[in-house]
Amino acid sequence: MAEVGSCKQLANQIESTLSQAHLCREAGLQVEVMFRQQSAYSKDGLMREGSEFSFEERRAEGYKQLKQQRLDERLMQLQEVKQQLSQELEEKMRLLQVLHGGFAPQICALGRPLTATSFQIFDESGAAAALSSGKSNEQLDDVFLQPDEKGLSLKIQYPHPGDVTPSEHSQKVMQSDLQNKSLYKNAEDHQRGGAGDLQTQVGPILKTRKKLSPIQETIVEAGAKTVGHFGPLEEGQQDVHHAPSPGGGAEDICDSGIRRRLLDLSDVTSSPDFHSEPCPLPAVEEHSFLQLGAKVYHIYSRVVDGGSFSVYKGATEDDDVVIKVDSCTVLWDFHLFQRLKQKSSADTGLPLISCFLFLDGCVTIYTTPPDHVFTELTRFIPSEVSVGHKAVGLLQLVSHMHSCRMLHAALQPHLLTCCHRGFLSPDWVFPVDWSSSVDLDLQQVTAAQQLPSAQMYIRLGILEPSSPPQLVDLVGVAETVHLLLTDSRMVPVKDDEGWTAEQYSGDQPCDMFSRMWRRFFRSLLNADGRSSLSVLSELTELLSTLYR
């Protein structure tokens, strides 16, 4: 009986073991089936608020988020740079106040520079009767000329809201007195190197709305270092960049009406890169988007404020762009740049250009060629090597323009941009504004005196009135390169060998690079009698040998 009981017990254990093994095998099969049917992705992202999304939509959404993140990071970097530049500007203004005895020209709250209407000049002997009779409405902060004073004493009156205009009395006094007096000291003071009265040097600055070139600012603020044989009133009566030609009734070559008639002959609107839009100019602001045609441009910042035009940096999805928004409807920039590209080879690195004409202005867009980027001419820490490469690019630009019978006539660093493939490759420099430029095939310009921008150089004596107009660009190249080299305006001085830059006028021992720059400035400032193309070619070869 005991054996029978043990057998039954053993049989029950075997049956229980087999049952457990069967259950484990079934569980394993279920786990394996579930493992095989498990998805390799999460389905949570495909369903959102009752809507179903495809994998392509999810990937597109991720790409847009990544692109927006990169744009935000780039915007933050630009804001940091803007803040840093603002701090540097404040430091420069404080330094300027210290250097000029606690006075620095100020910008009014509306962002407009002070003009000639912001100050008035009085002869107290003539104004006393008007003041006693109570008929004068002049303000106490105006400028007064003492009766027993031989020179002029100027005091700046900051503009009040409403833009108060001078009275008829002050206008008559300005016309009668300023025509017979000079705001600079006499020639003997200039030869002794006197700095001159700061108050008298402020006058020409306030009469000019547009940004002066380095030489023009130097003459205004440091006239003692140059030959002071001209009256600044002559400069202040007309805008420096758009003064009429001194030919006694000669037409202004920068006049928009004249340029419009000239462009009618060239049929610039037939280009495939020209687009006409029958609507007003779109609003263009920093850190915004602009749609023109089928493309959307991301506007980063404004790099040039020219009054009637502005230049912005931006980008499309693939390329960098520079955008000029102009209130003038004459396609002068587009015409001249198209001519420059037509005369250039395909590997010059010049950007692509397109133009949109609106009812009240035009938009010109420069786009980088493949594998190129845009940078400002003054960007990065200046070094002699980088300045050498940029100087080669600038010389090549001017040489190419002159060979195409074009003049820029207003070369300044803030109007120039570099287009390059890499840091080691030579830069191709091009202007973003052509407002003062000349097409010698369409315009009859044969002498420097016909160019408004050349009048200052003629008064100084650097150029003769009959000098070839191309020499104006050579002086502009010297100004620009000097600013890149020294971070200061060029002061032209004359010695026994001719004109040169003051900072490179010494005869002390120096290395081969300093000797090269001395030759550079002397060649550009004493080119009268030589072909501009030969001077530019010689200097390009000289710099290319040293800065390979």
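How many aromatic pairs does the count come to? The count comes to 8 aromatic pairs. Keep in mind that this is a predicted model.

Let me take one pair, F337 and F430. Their ring centres sit 6.1 Å apart, and the planes make 65°. Over 60 degrees counts as edge-to-face, so that is what we call this pair. Where do the two residues lie? F337 is in helix α10, residues 332-342. F430 is in strand β15, residues 428-431. The pair therefore ties together parts that are 93 residues apart in sequence. Both F337 and F430 are buried. They also belong to one aromatic cluster, together with Y366, F374 and W434.

Now the sheet. It is open, with 7 strands and mixed pairing. The order runs β5-β10-β11-β9-β8-β7-β6. At the edges are β5, 274-276, and β6, 288-292, and each of them pairs on one side only. Neighbouring strands are turned by 30° against each other on average, direction ignored.

Back to helix α10. This helix packs on the sheet. It touches β5, β9, β10 and β11. The direction of α10 makes about 155° with that of β10.

Next, β8 and β9. Strand β8 covers residues 309-315, and strand β9 covers 320-326. They pair in the antiparallel sense, over 7 bridges. One bridge to look at: S310 has V325 in β9 as its partner.

Last, a charge over a ring. K324 lies over the face of F309, at 4.5 Å from the ring centre.

Key:
Residues are numbered from 1 along each chain as its sequence is written. This is a predicted model: local features need pLDDT of at least 70, side-chain atom pairs count only at pLDDT 80 or more; totals for chains, interfaces and linings use all residues. Side-chain values use heavy atoms; hydrogens and water are left out. Rings of Phe, Tyr and Trp (its six-membered ring) pair if their centres lie within 6.5 Å; planes under 30 degrees apart count as stacked, over 60 as edge-to-face and the rest as tilted. Helices (H or I, at least four residues) and strands (E, at least two) are DSSP runs, numbered from the N terminus. Buried means under 20% relative accessible area, exposed over 50%, partly exposed in between (1.4 Å probe, protein chains only). A charge sits over a ring if NZ of Lys or CZ of Arg is within 6 Å of the ring centre and within 35 degrees of the ring normal. Two strands pair if DSSP finds at least two bridges between them. Axes are lines fitted to C-alpha atoms, for helices over the stretch in contact, and angles run from 0 to 180 degrees between N-to-C directions. Contact means heavy atoms within 4.5 Å.
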